[in-house]
Amino acid sequence: AKGKTENYAGWATRIMRVVIRDIGDLELERISKEIIIMYLVELRKRLKRTSFDSYKRAMKVYFEWSSSHYSYINPLEDIPYPSTHQVDDLDMQIATYRKMWEVANIRNRAFMAMALSSMARAKELLQLNLNEIDTSNRTQRIIGKGQKSRLIFWDTFAWAHAEKWIATRPYKSEWLFTKARSPEPLTYWGLREAFRRLSEIAGVTNDENSNLHA
């Protein structure tokens, strides 16, 4: 409806499902600005800043379209969009990385090392396949953003942790990153949930960036 991509629509839909669950079974016309503000205040208490802004952005997109389509007053009309973050604000700090590294299991350490070394996106690293990796040069060609093919590479430190994970998992799989107890490839949402739990165990605060993108 807004001329967005299918991935964008899926992202906004997943967020709005959570919002609808949280707010409850209210008719659209009954969702007032006061209800939205109270909800945003509670949401900010439990989410990191970047996640909170993602929720707010998706809600803005939905209510702008919905209020126009169904002719009701947009409860977010006077609430501004989140400001654009500076790149430095979104980076994971070294201290945060170390805290998470200390409590990470073998698989998550392998992922953290590969991500830091290659600077590849999470969805790109999940494509790594042992049948396609050039182990001599530590490279693999993957499909990146915009469906463009590119080569990613990593250092010996990262590959040592990847090999440790491969050697200790109790099954064989062609995929480098798999589910905890299954040879099936790890999904993006499974990895995201693993990092959410990891940040909790590490005692990462709400103002520290510990998500996959950071």
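**A charged surface patch, helix H3 and two positive phi angles**

Arginine 14 is partly exposed, with a relative accessible area of 36%, where partly exposed lies between buried (under 20%) and exposed (over 50%), using a 1.4 Å probe and protein chains only. The model is a predicted one, in which local features need pLDDT of at least 70 and side-chain atom pairs pLDDT 80 or more, while totals for chains, interfaces and linings use all residues. Residues are numbered from 1 along each chain as its sequence is written, and side-chain values use heavy atoms, with hydrogens and water left out.

Arginine 14 sits in helix H1 (residues 6–23); helices here are DSSP runs (H or I) of at least four residues, numbered from the N terminus. On the surface, Arg14 joins Arg17, Lys123 and Arg192 in a patch of positive charge. Such patches take residues with over 30% relative accessible area and no salt bridge, like charges being joined within 9 Å; a salt bridge is a side-chain nitrogen of Lys or Arg within 4 Å of a carboxyl oxygen of Asp or Glu.

Helix H3 (residues 49–70) has 22 residues and an expected span of 32 Å, which agrees with the 31 Å between its end C-alpha atoms. The expected span is 1.5 Å times one less than the number of residues. Among the buried residues of H3 are Phe52, Tyr55, Met59 and Phe63, along with Asp53 and Lys56.

Just after H3, serine 71 takes a positive phi of about 55 degrees, although serine 71 is not a glycine. This residue lies in the loop between H3 and helix H4 (87–90) and is exposed, at 65% relative accessible area. Methionine 119, likewise not a glycine, has a positive phi of about 55 degrees. Methionine 119 is found in the loop between helix H6 (106–118) and helix H7 (122–125), and counts as exposed at 60% relative accessibility.

Methods: Patches are made of residues with over 30% relative accessible area and no salt bridge: like charges are joined within 9 Å, nonpolar side chains (Val, Leu, Ile, Met, Phe, Trp, Tyr) within 5 Å. Accessible areas come from the Shrake-Rupley method with a 1.4 Å probe; for residues, only the protein chains shown count as cover. Lys and Arg count as positive and Asp and Glu as negative; His and the chain ends are not counted. The place of a charge is taken as NZ of Lys, CZ of Arg, CG of Asp or CD of Glu. Helices (H or I, at least four residues) and strands (E, at least two) are DSSP runs, numbered from the N terminus.
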